[in-house]
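These are my notebook entries on how the parts of one protein chain pack against each other. I began with the rule for naming helix pairs and then went through the contacts one by one.

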Amino acid sequence: MPERIYNFSPGPATLPYSVLQEAAVDIVNFKDSGMGLIELSHRSKLFMDVADETEALLRELLNIPSNYKLLFLQGGASSQFFMVPMNLLQHDQKATYLNTGVWAKKAIQEAQLFGKVEVAYSSEDITYRRVPKDDEYTVSSDSQYLHFVSNNTIYGTQYPDMPDKTVMLVADMSSDILSRPFDVSKFGIVYAGAQKNMGPAGVTIVIIREDLLDKVGDRVPTMLKYKTHAEKDSMFNTPPCFALYCVGRVLNWLKNFGGVAAIEKINREKAAVLYEAIDSMEMYRGHAEKESRSLMNVTFNLPTPELEARFIREAAAVGLDGLKGHRSVGGCRASIYNAFPREGVEKLVSFMADFAQQNQ
Ligand SMILES: *Cc1c(COP(=O)(O)O)cnc(C)c1O
């Protein structure tokens, strides 16, 4: 086995090593049942306990009020781009969207299939370098909800605080859920693909306020109604068992760590170390405006694409992997989610200093 390296991948992303070790054992023989975890019936007591524990942990860690349902779905966050408007919006109704990146824009495109979409803000013309403050846009009084992407994975921007508007909020939190506390009761729906900050690919978490389940029209297919999954506790059909189990293990790890507030403190420290390096060296320039900087995805450029390519190559050679920026913006991106160790950030910063020195 090679030494474990530092994996800065944006998603699927690094997971706690202890979780990988647990999964490696459980996948072969789960709780001494003589069956591997991924062989279990999803209706078996053994697996139902896994699902129940995962739900309980998520409710506890995010302090989810009892009038919210928690769903474990498939199809990725991308399917939520259409499921949200399909379930919440009638064709003559309006919803408001903030265009802060590729994911936000995809959500807008899907919503346009179902209702009227008001794009209240866009930073597309400045390569999505920032997210808006509350006073930089308005939401029509007849809007059903305000949709936003809390952390823009590709550009490295994040709302420092969740938008504070009178309208019901709906958020794609794929790349920063569980990285900081937030007030669930301000939201109608929160969704997140697991593969950034919660587990492996294959399961999408949806937190939905109960009263919204009945808004859906009759002509929506059964599998695409939130109500279907809510009524059957996400067991209407076979759930993504292995991914769900892994999320449970990650949540257990997070709980033992001290929970969301405790990890937020570490996330702030890790990001500060990296931004400090970017700001203090001539060689590096941050992509995001300072007030919009993400604690999860740190994006930066070097003076030329050639230097960037060399930086990424040489970093990989010393065990700092996955630093290439998204193809739509180029440059470099260090994704430092909850499970990313602090020592990896420190190693990157020292590599950055060496690289700057050698390429003056
Ligand atoms: C990765 C990502 C997505 C896409 O997720 P899939 O699960 O691949 O569909 C959507 N939104 C955000 C913010 C992301 O980071």
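Before looking at any pair, I wrote down the convention that angles under 35 degrees count as roughly parallel, and 65 to 115 as roughly perpendicular, with those over 145 called roughly antiparallel and the rest oblique. I also noted that I am working from a predicted model.

Entry 1, H7 and H9. I looked up how H7 lies against helix H9 (residues 342-358), and found that the two pack at an angle of about 5°, with their axes 9 Å apart. H7 and H9 are therefore roughly parallel to each other. On the H7 side I listed Glu 269, Lys 270, Val 273, Leu 274, Ala 277 and Ile 278, which meet Arg 342, Val 345, Leu 348, Val 349 and Met 352 of H9. Sorted by class, this contact has 8 nonpolar, no polar and 3 charged residues.

Entry 2, H6 and H7. I then turned to the other pairing of H7 (residues 260-280), with helix H6 (residues 241-257), where the axes are 7 Å apart and the packing angle is about 80°. That value falls within 65 to 115, so H6 and H7 are roughly perpendicular to each other. The residues I found meeting here are Trp 253, Leu 254 and Phe 257 from H6, and Val 260, Ala 262, Ile 263 and Ile 266 from H7. The classes in this contact come to 7 nonpolar residues, with no polar and no charged ones.

Entry 3, H3 and H4. Which term fits the arrangement of H3 with respect to H4? I found that the axes of helix H3 (residues 76-88) and helix H4 (residues 102-111) come within 8 Å and cross at roughly 40°, which makes H3 oblique to H4. I recorded the crossing as right-handed. H3 contributes Ser 78, Phe 81, Phe 82 and Pro 85 to the contact, while H4 contributes Trp 103, Lys 106, Ala 107, Glu 110 and Ala 111. By class I have 6 nonpolar, 1 polar and 2 charged residues for H3 with H4.

Entry 4, the domains. I next looked up the division of the chain, which gives domain 1 as 6-14 + 258-358 and domain 2 as 18-257. Taken over C-alpha atoms, the centres of domain 1 and domain 2 are separated by 26 Å. Each side is represented in the contact by 32 residues from domain 1 and 32 residues from domain 2. The two domains bury about 2,600 Å² between them, and 55% of it is on carbon and sulfur atoms. Which three residues of domain 1 supply more than any other three of the area buried against domain 2? I found them to be Val 260, His 287 and Ser 292, with 22% of the area that domain 1 buries there.

Entry 5, backbone details. I reminded myself that most residues other than glycine have a negative phi, and that most peptide bonds are trans. Against that background I noted that the peptide bond from Gly 11 to Pro 12 is cis, with omega near -10°, and that Pro 12 lies in the loop between strand E1 (6-7) and helix H1 (17-26). I also noted Lys 31, which is not a glycine and yet has a positive phi of about 50°; Lys 31 is in the loop that runs between H1 and helix H2 (45-62).

Definitions and conventions:
Residues are numbered from 1 along each chain as its sequence is written. This is a predicted model: local features need pLDDT of at least 70, side-chain atom pairs count only at pLDDT 80 or more; totals for chains, interfaces and linings use all residues. Side-chain values use heavy atoms; hydrogens and water are left out. Axes are lines fitted to C-alpha atoms, for helices over the stretch in contact, and angles run from 0 to 180 degrees between N-to-C directions. Helices (H or I, at least four residues) and strands (E, at least two) are DSSP runs, numbered from the N terminus. A crossing is left-handed if the near helix is turned anticlockwise from the far one by less than a right angle, and right-handed if clockwise. Contact means heavy atoms within 4.5 Å. Ala, Val, Leu, Ile, Met, Phe, Trp, Tyr, Cys and Pro count as nonpolar, Asp, Glu, Lys and Arg as charged, and the others, Gly among them, as polar. Domain bounds come from an automatic or database domain assignment. Buried area is the accessible area (1.4 Å probe) that two parts lose on being put together, summed over both.
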